[in-house]
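I opened this model to look up a few things and wrote down what I found. The entries follow the order in which I looked.

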Amino acid sequence: MKKEVTQLHSRLKQLQFMYDQNQDQECESIQLYFKTEYAQITARLKTIEEHQSRNNQFPQFLLADVLQTAGILGMYVMV
Amino acid sequence: MENCYHCGDACRDTTIVRKDKFFCCQGCKMVFDILNENELTYYYDLESTPGKSPLEIAGRYDFLDNQPIIDQLLEFDEQDTQIVSFTIPHIHCSSCIWVLENLNKINPAIKTAQVNFPEKSIRITYNSSEVQLKELVLLLCRLGYEPNISLEDFNKKEKKIDRSLIYKLGIAGFAFGNIMFLSFPEYFEVDEFWLHQFKNMFRWLMFAFSLPVVFYSGRGYFESAYKGLRSGILNIDVPIAIGIAVLFLRSTLDIIMDWGTGFFDSLAGLVFFLLLGKFFQQKTYAFLSFERDYKSYFPIAVTQLMQEEDGESAFAKAKNLSTHEQQTPVYELKPGHRILIRNNELIPTDGILKEGTALIDYSFVTGEAVPVSKVLGDKIYAGGRQQAGVIEMEVTKAVEQSYLTQLWNNEVFSKNKATTFENLTDQISRRFTIGILSIAVVATIIWLFTNPFTAFNVFTAVLIVACPCAIALAAPFTLGNMLRIFGKHKLYLKESSVLEQMSHIDTVVFDKTGTLTTHRQNLISYEGINLTDEEQTVLTSTLRASNHPLSRALYDMLQDQGICTLDEFDEHTGSGITGSRGKISVKIGSPTFVGNQAQMNPSTNTQVHISSNDQYKGCYIFYNNYRDGMQQLFSNLNRTVQLVILSGDNNGEEAFLKTQLPANAILKFNQKPDDKLQFINRLQQEGKKVMMVGDGLNDAGALAQSNVGIAVSEDVNVFSPACDGIIDASKLMDLALFMNLSRRSIRIIKYAFVFSLFYNLIGLAFAVTGNLAPVVAAILMPLSSISIVVFTTISTYLIGRKITP
């Protein structure tokens, strides 16, 4: 679970980097790609969040970092 | 008869032709020449006949040689840049603005000139090393734009414009918008993963935005509530302050404890709408002043006559002749000082006539239009205007101790009427606050027995939802709207509370001269033997040659009878005038002067007697010209109020006034300013709510003492004593309608209270049952405010349509 959180965090960072690179392009396919990818990551994060609240398998700050990154990327992608 | 190209007046006495244009006097022609030389004739293209004849100003501005006075008048004085502002009553059109803002083309030492049209003032930046302030003023006078430099300018303090309400409103509006924006995700339960991550940040941001709203924008409500409670008054700001405090504390607790988003948007909205109401209620008329006292009209300095200590001749001493003049600020005048008053100058203090012939126009003080003659040794009171050449007088009292200025020492002038009046909102608020607190306590006690946790929520929810936002807005918007509607119809009220006080009036006191009568037209009739055509021509020509106000008024009426060149003309100041042509010699003046005291008409009205070749012919009687529609006004007012007439004049017109007034009206004559004040005071002690309608400075005490003081003005830009409202004389006959509308406005406020109570009941239903969600408050509170604003605006618009334009 902890490893998966780390992977999701890396993936979010990667997506954020890609978003920064492509933010001046108004290409609908790219936008759609970001939204789909983001929806998949957040769905997985929600599940992990629920598990963590029940089992507390890894340090809380790890998940907090990922949620913060996901929140910021969400603001870019979804707004 | 041609009309003057500059001022538009008929060229009666003289017609001067210059460049195919006609001018009525040398002054008008001179202004044209100045403008023509400086290529400023576009002045006449913007508006036709925009100018005014320049007045005789010899010596009048000599006080501008006095450095302390200059220092007092200058707004800025540094090296080569001096800034000064003047009020110029004649500013009235685009031509005025254009020519005044181009003064630098006439005199390059003037750097800029900027006109403030609503305030009829000009701000001039100039270089004092190239042009003196006095030269600047004389230039304005030569152009017919005589500045009004009064004693008030000598004491003027820097005007501080209070913009704090605008800042408070701006901050509350900015915070309200942002908090609303940040509240939306939670209100609409947007199921977005990323938004959920920002929830806490948004809540704390809302908290941050609410801080300036509570502690800056809303501070006034806490202060007012505190002051109210300290004086034992439950004013409307008490429940508002409770509402704001509870909203803030409950919301802060909500976010700290993570119970919810809080009510920050309702809090910011509440303060924003309340301040909006306050802002709307503030209606100021830049061109009016409701606080004028004698200082606005008195000269800043007068010519003092100094006795030369050395070298003064025995003859000068024997004749008590003065040898040199000095400009002295009027505040420095002391008993014993000898002063010089020129023609048309205002007398600044009480004194004794020492030299010259005085013909004093006291209309400024008493409202009585006929000038009074004074002979050597007579006492002259402050406030009169000399109308017959130069006089010398000895000061007997310092300015602040003169008869006229003493009136302003009466405590009535330092009383603030607004603070002694409990308005309708405060009356309702008292019961409302007690009611709401009772509901909150009862509901909390009930919940304490069923669900203690909900009890706290219910207590705060009741106080939040019952915050009387709509009640507090009903009066400002209704009264603010009515204030604007009244202003559009030329009744200018000082503040909205005056309108509320108007609705309670049960006694209306009128001054007579200048209020019910008009100065603009004299009603003159002739009683006696008919004059022959030749006699009439000599009479008209003799009147034409005289500058006495009564002669001017008679000449205006008789000028169509034709004129001739007189062989002889003589003026006997204080008695009359004589004129002759051929075998006809006429005398015009007092009965004694024309030589027939026995023929004195018993009327108490002003009379001008005529004799021809020493044979008494008859007299012209000057009647007060009452305004049209006076009887109708009295009849309309009498339905709701008691009418009183207080006049400073004798009872010469009592019989006529009784035909105009209802039987129960009270008439009092020979009333001095202080008598009027005391009369109103007595009425108030009997529990009457009194409105005083007056015009002159003699009414100032009564205007201040009354519950509502309305000054009648022929020209609202020129004169009005301290008062609560200024009504244009042409609209005086609508006074009954204005009073009726003020009563209807109060009815609208009462309906709006019922309306807002309905909203409060809905909110309370949510609150006492423990179901007041932030979103409910966020919808209910602005909705109630907006609907009250819409209701009052439409209602006032509808009743305002009753006033004919």
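**Entry 1: one strand pair.** I began with a single bridge: B:Leu74 has B:Val84 as its bridge partner in S4(B). Strands and helices here are DSSP runs numbered from the N terminus, a helix being H or I over at least four residues and a strand E over at least two. S3(B) and strand S4 (residues 81-87) of chain B pair in the antiparallel sense over four bridges. I count two strands as paired if DSSP finds at least two bridges between them.

**Entry 2: ground rules.** This is a predicted model, in which local features need pLDDT of at least 70, side-chain atom pairs count only at pLDDT 80 or more, and totals for chains, interfaces and linings use all residues. Residues are numbered from 1 along each chain as its sequence is written, and chains are lettered from A and ligands numbered from 1 in the order in which they are written.

**Entry 3: the sheet around that pair.** I followed the pairing outward and found an open sheet of four strands in chain B, ordered S3-S4-S6-S5, with antiparallel pairing. Strand S3 (74-78) and strand S5 (110-116) of chain B are the edge strands, each pairing on one side only. From one strand to the next the twist averages 15°. Helix H4 (residues 94-101) of chain B packs on the sheet, touching S5 and strand S6 (121-126) of chain B, and its direction makes about 160° with that of S5(B). For such angles, axes are lines fitted to C-alpha atoms, for helices over the stretch in contact, and the angles run from 0 to 180 degrees between N-to-C directions. Contact between two residues requires their C-beta atoms, placed from the backbone, to lie within 7 Å.

**Entry 4: the hairpin.** S5(B) and S6(B) pair in the antiparallel sense over six bridges. B:Ile110 stands opposite B:Tyr126 in S6(B). The two strands form a hairpin with four residues between them, and B:Lys120 in the turn has a positive phi of about 50°.

**Entry 5: nonpolar cores.** I next asked which residues have the most contacts inside the largest nonpolar core. They are B:Ala268 and B:Val462, in a core of 116 residues. Such a core is a set of buried Ala, Val, Leu, Ile, Met, Phe, Trp, Tyr and Cys residues joined through C-beta atoms within 7 Å. A residue is buried if 20 or more other C-beta atoms, placed from the backbone, lie within 10 Å of its own, exposed if 12 or fewer, and partly exposed in between. Helix H18 (residues 469-488) of chain B gives the most to this core, with 13 residues. Beyond its neighbours within four places in sequence, B:Ala268 has contacts that include B:Ala172, B:Phe176, B:Phe209 and B:Val213. A second, separate core of 57 residues includes B:Val84, the strand residue of my first entry, together with B:Ala358, B:Val395 and B:Val399.

**Entry 6: B:Thr792.** This residue lies in helix H28 (residues 774-800) of chain B. Is B:Thr792 buried or exposed? It counts as buried because it has 27 C-beta neighbours inside 10 Å. Not counting residues up to four places away in sequence, B:Thr792 touches B:Ala474, B:Phe477, B:Thr478, B:Asn481, B:Ile748 and B:Ala752. The C-alpha atoms of B:Thr792 and B:Ala752 are separated by 7.1 Å, although the residues are 40 apart along the chain.

**Entry 7: chain A and its interface.** Chain A has three helices and zero strands. Buried residues are 19% of its 79 residues. Nine residues of chain A are in contact with five of chain B. H3(A) supplies the largest share of the chain A side, seven residues. That side divides into four nonpolar, four polar and one charged; Ala, Val, Leu, Ile, Met, Phe, Trp, Tyr, Cys and Pro count as nonpolar, Asp, Glu, Lys and Arg as charged, and the others, Gly among them, as polar.

**Entry 8: confidence.** I checked pLDDT, the predictor's confidence in each residue from 0 to 100. Chain A averages 83, with 100% of the residues scoring at least 70. Chain B averages 82, with 87% of the residues at 70 or above. In chain B, pLDDT stays under 50 over residues 310-316. Where pLDDT is low, the predicted coordinates should not be read in detail. For the complex the predictor gives an ipTM of 0.72 and a pTM of 0.69.
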